[in-house]
Amino acid sequence: MKAFGYLFSGMLMLLGIVFCVAAGATGIWQRWFLGGILLGSGIALVYFLRMKTPETRVSVTHQVDLTGDISLERLSCANCGATLEKDSVSVKAGAVFVSCPYCETEYQMEEAPKW
Ligand SMILES: [Zn+2]
């Protein structure tokens, strides 16, 4: 549904640009007007779709967090103490595994309790 919205707004903007280009080429002022409306509504639609994006992002990050309450911001390697990126943490069979890119150690992480 959102992809369709972006496609539609893209088409509106493209059509608006086409009308504006045609207006510049032919000098028919009505086309400037129509092109402006199309372009404006296309931009407004993108803006409207962008406004709703953070809501979806929150639900996505929430699904990731369900695998374990690990604060990735403060995550560091237990072996060498290097700060770990999100990419170095993987979930295998329900357990959280950490593979350090610096010392190349791989170990299972114990999930910290919520309280
Ligand atoms: Zn390490």
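Which residue follows H1, and is its phi positive or negative? Helix H1 is followed by Gly27, and the phi of Gly27 is positive, near 80 degrees. This residue belongs to a predicted model, and the description below covers the overall make-up of the chain, its helices and its sheet.

The protein chain contains 2 helices and 3 strands. Read from the N terminus, these elements follow the order α-α-β-β-β. The chain has 115 residues, of which 5% count as buried. When contacts between residues at least 6 apart in sequence are considered, 41% of them join residues at least 24 apart.

Confidence varies along the model. The mean pLDDT of the protein chain is 76, and a value of 70 or more is reached by 76% of its residues. Among the elements, helix H2, which covers residues 29–65, has the lowest confidence, with a mean of 71. Strand S2 has the highest, at 85. Over residues 61–67 the pLDDT falls below 50, and this stretch has 2 contacts in the model beyond near neighbours in sequence.

Helix H1 spans residues 2–26 and has 25 residues. The distance from its first C-alpha to its last is 36 Å, close to the 36 Å expected at 1.5 Å a residue. Within H1, the residues Leu12, Gly16 and Phe19 are buried.

Two leucines of the second helix illustrate how H2 is placed relative to other parts of the chain. Leu34 is found in helix H2. Leu34 has 17 other C-beta atoms within 10 Å; a residue needs 20 or more to count as buried and 12 or fewer to count as exposed, so Leu34 is classed as partly exposed. The C-alpha atom of Leu34 is separated by 9.5 Å from that of Leu15, although the two residues are 19 residues apart along the chain.

Leu39 is also found in helix H2. Leu39 counts as partly exposed because it has 19 C-beta neighbours inside 10 Å, whereas 20 or more would make a residue buried. Leaving aside neighbours within four places in sequence, Leu39 is in contact with Met13, Gly16, Ile17 and Cys20. One of these partners, Gly16, is among the buried residues of H1. Leu39 and Gly10 are 29 residues apart in sequence, and their C-alpha atoms are 9.2 Å apart in space.

The strands of the chain make up a sheet. Strands of a sheet pair through backbone hydrogen bonds, in either a parallel or an antiparallel sense. Here, 3 strands form an open sheet in the order S1-S2-S3, with antiparallel pairing. S1 and S3 stand at the edges and each has a single partner strand, so one side of each is left without a neighbour in the sheet. From one strand to the next, the twist averages 35 degrees.

Strand S1 (residues 89–92) pairs with strand S2 (residues 95–99) in the antiparallel sense over 4 bridges. Val89 has Val98 as its bridge partner in S2, and Val91 has Val96. The hairpin of S1 and S2 has 2 residues between the strands, and in this hairpin Ala93 takes a positive phi near 50 degrees.

On its other pairing, S2 meets strand S3 (residues 106–109), again in the antiparallel sense and over 4 bridges. In S3, the bridge partner of Val98 is Tyr107, while Ser99 is matched with Glu106. Val98 therefore has a bridge partner in each of the edge strands, namely Val89 in S1 and Tyr107 in S3. The hairpin of S2 and S3 has 6 residues between the strands, and Glu104 in this hairpin takes a positive phi near 60 degrees.

Technical notes. Residues are numbered from 1 along each chain as its sequence is written. This is a predicted model: local features need pLDDT of at least 70, side-chain atom pairs count only at pLDDT 80 or more; totals for chains, interfaces and linings use all residues. Two strands pair if DSSP finds at least two bridges between them. pLDDT is the predictor's confidence in each residue, from 0 to 100. Two residues are in contact if their C-beta atoms, placed from the backbone, lie within 7 Å. The expected span of a helix is 1.5 Å times one less than its number of residues. Axes are lines fitted to C-alpha atoms, for helices over the stretch in contact, and angles run from 0 to 180 degrees between N-to-C directions.
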